[in-house]
Amino acid sequence: MFLNLFYELRDEGVPVGMQEWMMFLAALEKGLHGSSLRRFYHLARSCLVKSETFFDGFDRAFLKVFEGVEGELDIEPQLLEWLEDAKTFEGLSEEQRAMLERLSSDELLQKFLQTLAEQDERHDGGGRWVGTGGHSPFGHSGEHPTGIRVGGKPRNRSAMKVAEERRFRDYRTDETLDIRQTRVALRRLRHLTRSGAQSELDLDETVDETCRNAGEIELVFRPERRNDVRLLLLMDVGGTMDPFYEPVSKLLTALHAERGLRAFEAWYFHNCPYELLGRDARLLRQDAIPTGDLLRRLTPNWKVLIVGDAAMHPAELLEPFGNIDPRRMTETRGIDWLHRIEAHFERVVWLNPELPELWDDAETVRLIRRIFPMFHLSTDGIEQAVKALIGARSTVH
Amino acid sequence: MIESPEFLQFRGTEDYIASAPLVDAVNAAIALERPLLIKGEPGTGKTLLAKHVAEGLGLEFEMWHVKSTSKAQEGLYIYDTVQRLNDARFGDGNVADIRSYIKLGPMGRSFSADKRRVLLIDEIDKADIEFPNDLLRELDEMRFTVMETSDEIVAQHRPLVIITSNNERELPDAFLRRCVFHFIEFPGRKLMEQIVAVHHPHLDAKLLDQVLIKFYWLREQSQMRKKPSTSELIDWISVLLRSGVSVEKIEAHIPFLGALLKNEQDTEALDQYHERGGRYPSEWAELGPRYNN
């Protein structure tokens, strides 16, 4: 039954497993969808989807599977199957069953569409059943679970309308960047260690020591657990990065709000880091620091996050004197600086605000991806990037 | 023995306006005997829901407010060793009987109660990432063993478990798979009018309109770092009423912006928008179809 929905959901990237699917079927068996498509939609969503970030994917899958229900003539076969299912439903009386048998699927369909059309005109929402008046093939007064009611109560939007609006688009995490969710992802940038002043009561040790001390209380203290992660942010500014101002500034807001880090530094470059890095986005020469100094000063256990679209003229990356800023001629190639950064630090990731499907269009992106693992600047991408910075080291870039 | 949940049906209560899908989700959780996981923006009434479900179903209510230091074990029972040690040292209480130092937590109490209860596990995301996983077996089987005494506590009546999350962190998949999920959407115009009426009963209709138009307009701005929520709206209206700002002023401006926006960069961005001569909408029609149905 509706197995297509299951596969469409998975195609949309909604993580549905058998356990959820069985729960959904159990709910249908209990007739929890009542008699309306709207309730069916919500029931399916409650059982199958466990995060609002996948609601949009659910809406798209639902639309694909049940699109015909909107009243277009090319009704999906699933709906027909659904109508067929109603015939085998046990709650029907003999009379109703006989009536159902007389109606072919085509007729059912016709009546169904007719009802839809009527409702559009009269705009009275629900209350009417597929079929005619009080002789609905699907039972009386809304009791039968498999009956189909079009729309819902007045003023309630139909499931299709709800699905079509795609109201949950903003909750997607693979396309958008939400500061709150980003902060949740960044919170994983944690490596807890105990060092420093002994300020926390160690209860277990205290109990042990007290027992050894024949019941006289002996207090044991230990240092508090604290985050040991140090983060270096290197950011591309200006030029092709301008269109990405919004997601980048959201990332910055989230990073600056993240107080759990042991240390945080941000330096800026244009297109590719060369021998100098700017203190802020203006890249003023008097504020700049030599990249080499930075590498000497920071220990390899600093985590490095590079943000940039990695798209530039190949010469900027591969040729000596590649820096397009004429005041900053330098012989060392951009790609060599990237290799030095990669070699110095244990973990470096690259966040690219450009859509991943466009990455391979630029030669420089392809080259840089060979040096650093690259992730999309979306909530999902940040989460993956954080995992790459903090989690078990993977061998594949 | 667990009674059949068939005849329990939640329909909302007088004070709590639950949307039809929410009511359905509650009833699905009852019928499927699954925990109900509720998520939603702050200020959408997640915590309140459980209380009103209990009220609507005529059941007793048990709340477990989860904190960052909460352990799953605490919800089941606590063995008060410190009290026992203290009693032992000073000869108080019945030290020989461990049972008198076992104190049931909210979950333990709702299991052992002789009537079915609604158990709210509030803000489960506040606790450690492993916290929900530690409760899987108890939620599935509705039983646990008190290790110190080997007593088994089995739910007499399966409690209806409602869990809220503020999205502070992701919940483990194994846990999610077992839940019926409902996301409370941010209240729309009609519902918001009802909510405002609860706090400010005699608000001028014209003022209410202007206030809500500005509020939803602000929320629609995608660059906004922190969207104003219901509680900020209520506070803002209080400020407006106390200061006696005229409706005309609110039509053209957003006075006391500080009550709505809590992020400095948001306030700055809006100031700049204003300086550039940007205007604020004063008609619902300017807000798009979502607000004009």
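These are my notes on the contact between chain A and chain B, and on one helix of chain A, in a predicted model.

Entry 1, extent of the interface. I looked up the contact lists and found 34 residues of chain A in contact with 33 residues of chain B. I then took the buried area between the two chains, which is about 3,100 Å². Carbon and sulfur atoms give 49% of that area. On the chain A side, I noted that A:Gln19, A:Met23 and A:Lys50 lose the most area to chain B. Together these three account for 18% of what that side buries.

Entry 2, polar links. I counted one salt bridge between chain A and chain B. A:Glu52 forms it with B:Lys39, and I read 3.4 Å between the closest N and O atoms. I also counted six residue pairs in polar contact between the chains, with both residues at pLDDT 80 or more.

Entry 3, elements on the chain A side. I asked which elements give two or more residues to the side of chain A that touches chain B. They are helices H2 (18-29), H3 (37-48), H9 (179-186) and H11 (245-257) of chain A. H3(A) gives the most, with six residues. By class, I have 13 nonpolar, seven polar and 14 charged residues on that side.

Entry 4, helix H9(A). I checked how far this helix is covered and found six of its eight residues buried. I listed the buried ones as A:Ile179, A:Gln181, A:Thr182, A:Val184, A:Ala185 and A:Leu186. I then looked up their packing partners, which are H11 and helix H17 (379-390) of chain A. H11 is also one of the elements I listed for the side that touches chain B.

Note on methods
Residues numbered from 1 in each chain as written. Chains lettered and ligands numbered in written order. Predicted model: local features only at pLDDT ≥ 70, side-chain atom pairs only at ≥ 80, totals over all residues. Heavy atoms only, no water. Contact = heavy atoms within 4.5 Å. Buried area = accessible area lost by both parts, 1.4 Å probe. Salt bridge = Lys/Arg side-chain N within 4 Å of Asp/Glu carboxyl O. Polar contact = N/O pair within 3.5 Å; in protein donor to acceptor, adjacent residues only side chain to side chain. Nonpolar A, V, L, I, M, F, W, Y, C, P; charged D, E, K, R; others polar. Buried < 20%, exposed > 50% of the residue type's maximum accessible area, 1.4 Å probe, protein only.
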